[in-house]
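Visitor: I am new to this structure and would like a close look at one part of it. Please start from a single residue and work outward from there.

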Amino acid sequence: MVVLPLLFLLGSLFHCGHVEAQSTSASELLKQAALQWNGPVTCDKWDCDCAFKERGCCCVAKDMFQLEEDTFMRMKYLWQGIGTLNHRVQDLTDGVRVAFKATMNPNYTTPGSTEYCFGPFNINVPIPYSVVTLNHDNAYNPSLGIFTARSAGVYVFSFTVYSYVTEYGRLYHKVQLMKNGNVIASVWEDNREDSEDNANQVVVLELQRGDQVYVELASGRKLCKYLEYNIFTGYILYPQPSPYSIDFGF
Ligand SMILES: *[C@@H]1O[C@H](CO)[C@@H](O)[C@H](O)[C@H]1NC(C)=O
């Protein structure tokens, strides 16, 4: 059969591109002959304008649907990527201004006592540094004495401990910085030689969003007089968002 390739060739010449048929009736004849052909047809992807319009377009349609699907998936991944990026930017900008400074209230008296002492209690108690002079971001809660990280990052905390007892009294305190209930750093005193003493600790901590940091007084111990010398401060050194994976799907 030599006639079919010939029909294709003629059909292409007459109907594709800008080469117009010289004789309409001849091309019609070829077209009709071609359309009546029942055997397998090899499609060319871009022959939509040719005689075998329907079949040719089907070949392209499959590719078009695939392209559409791919484009949709890419847009979906992009959208998710933008969402993740948005969270990271929020973490970074939220973490920029975090700093607080708080001291104990010098007027504090432990219930049942007339001394200006915090403690003793029979359990460890977070120290409520309630006099706040700086609290950007309101991450520090002065009634509980607890700092809660709103964004992940590296933070610096310091606390100063001071206590004063009368002559021959016993300086007896133990104060510790806590992160989510675990001891990070502490200072303590137990002697009758001094009537006053102070100490200071500075720590650098990596925090995740929601981590809590506070200072607690150990059970059975106490801080007395000039309680305003007891200071708790903290600030962010730099934000450090958790490593989200950004997959744009390319
Ligand atoms: C402590 O008491 C004094 C005298 O009543 C008062 O002037 C001062 O404001 C109080 N300090 C705090 C932090 O409440």
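Is V204 buried or exposed, and what is its relative accessible area?

Guide: V204 is exposed, because its relative accessible area is 55%. Here buried means under 20% relative accessible area, exposed means over 50%, and partly exposed is in between, with a 1.4 Å probe and protein chains only. The model is predicted: local features need pLDDT of at least 70, side-chain atom pairs count only at pLDDT 80 or more, and totals for chains, interfaces and linings use all residues. Residues are numbered from 1 along each chain as its sequence is written, and side-chain values use heavy atoms, with hydrogens and water left out.

V204 sits in strand β10, a strand being a DSSP run of E with at least two residues, numbered from the N terminus. Together with Y235, L237 and Y238, V204 makes a nonpolar surface patch of about 400 Å². Patch residues have over 30% relative accessible area and no salt bridge; nonpolar side chains (Val, Leu, Ile, Met, Phe, Trp, Tyr) are joined within 5 Å, and like charges within 9 Å. The areas come from the Shrake-Rupley method with a 1.4 Å probe, and for residues only the protein chains shown count as cover. Strand β13 gives the most to the patch, with three residues.

From the surface, the view can turn inward. β10 (196-207) and β13 (231-239) are among the elements that give two or more residues to the largest nonpolar core. Such a core is a set of buried Ala, Val, Leu, Ile, Met, Phe, Trp, Tyr and Cys residues joined through side-chain atoms within 4.5 Å. The largest one has 30 residues, and I127, F147, F157, V175 and F232 touch the most other members. The other elements that give two or more residues are β1 (99-103), β7 (153-164), β8 (171-179), β9 (182-191) and β11 (212-217). β7 gives the most to this core, with four residues. V175 shows what surrounds one core member: leaving aside neighbours within four places in sequence, V175 is in contact (heavy atoms within 4.5 Å) with I127, F159, V161, A185, S186, V187, V215, E216, L217 and L223.

The structure also holds one disulfide, that is, a pair of cysteine sulfur atoms within 2.5 Å. In this case C117 and C224 are joined, with their sulfur atoms 1.9 Å apart. The C117-C224 link is right-handed, with 110 degrees about the S-S bond. C117 belongs to strand β2 (residues 117-118) and C224 to strand β12 (residues 223-224), so the pair ties together parts that are 107 residues apart in sequence. Both C117 and C224 are buried.

A second link joins parts of the chain with that sequence separation: K222, in the loop between β11 and β12, and E115, in the loop between β1 and β2, tie together parts 107 residues apart. Their side chains meet in a salt bridge at 3.9 Å, N to O. A salt bridge here is a side-chain nitrogen of Lys or Arg within 4 Å of a carboxyl oxygen of Asp or Glu. K222 is partly exposed at 24% relative accessible area, and E115 is partly exposed at 44%.

The whole structure has three salt bridges. D137 and R150 form one of them, at 3.3 Å, N to O. D137 lies in the loop between β4 (131-136) and β5 (140-141), and R150 in the loop between β6 (146-148) and β7, 13 residues apart. D137 counts as partly exposed at 30%, and R150 is partly exposed at 40%. D190 and R170 form another, with their closest N and O atoms 2.9 Å apart. D190 is in strand β9 and R170 in the loop between β7 and β8, 20 residues apart. D190 is partly exposed at 45%, as is R170 at 32%.

Some backbone details remain. Most residues other than glycine have a negative phi, and most peptide bonds are trans. G119 and P120 are joined by a cis peptide bond, with omega about 0 degrees, and P120 is in the loop between β2 and β3 (125-126). N180 has a positive phi, near 50 degrees, without being a glycine; N180 lies in the loop between β8 and β9. K225, also not a glycine, has a positive phi of about 55 degrees and is in the loop between β12 and β13. N180 is partly exposed at 40%, and K225 is partly exposed at 33%.
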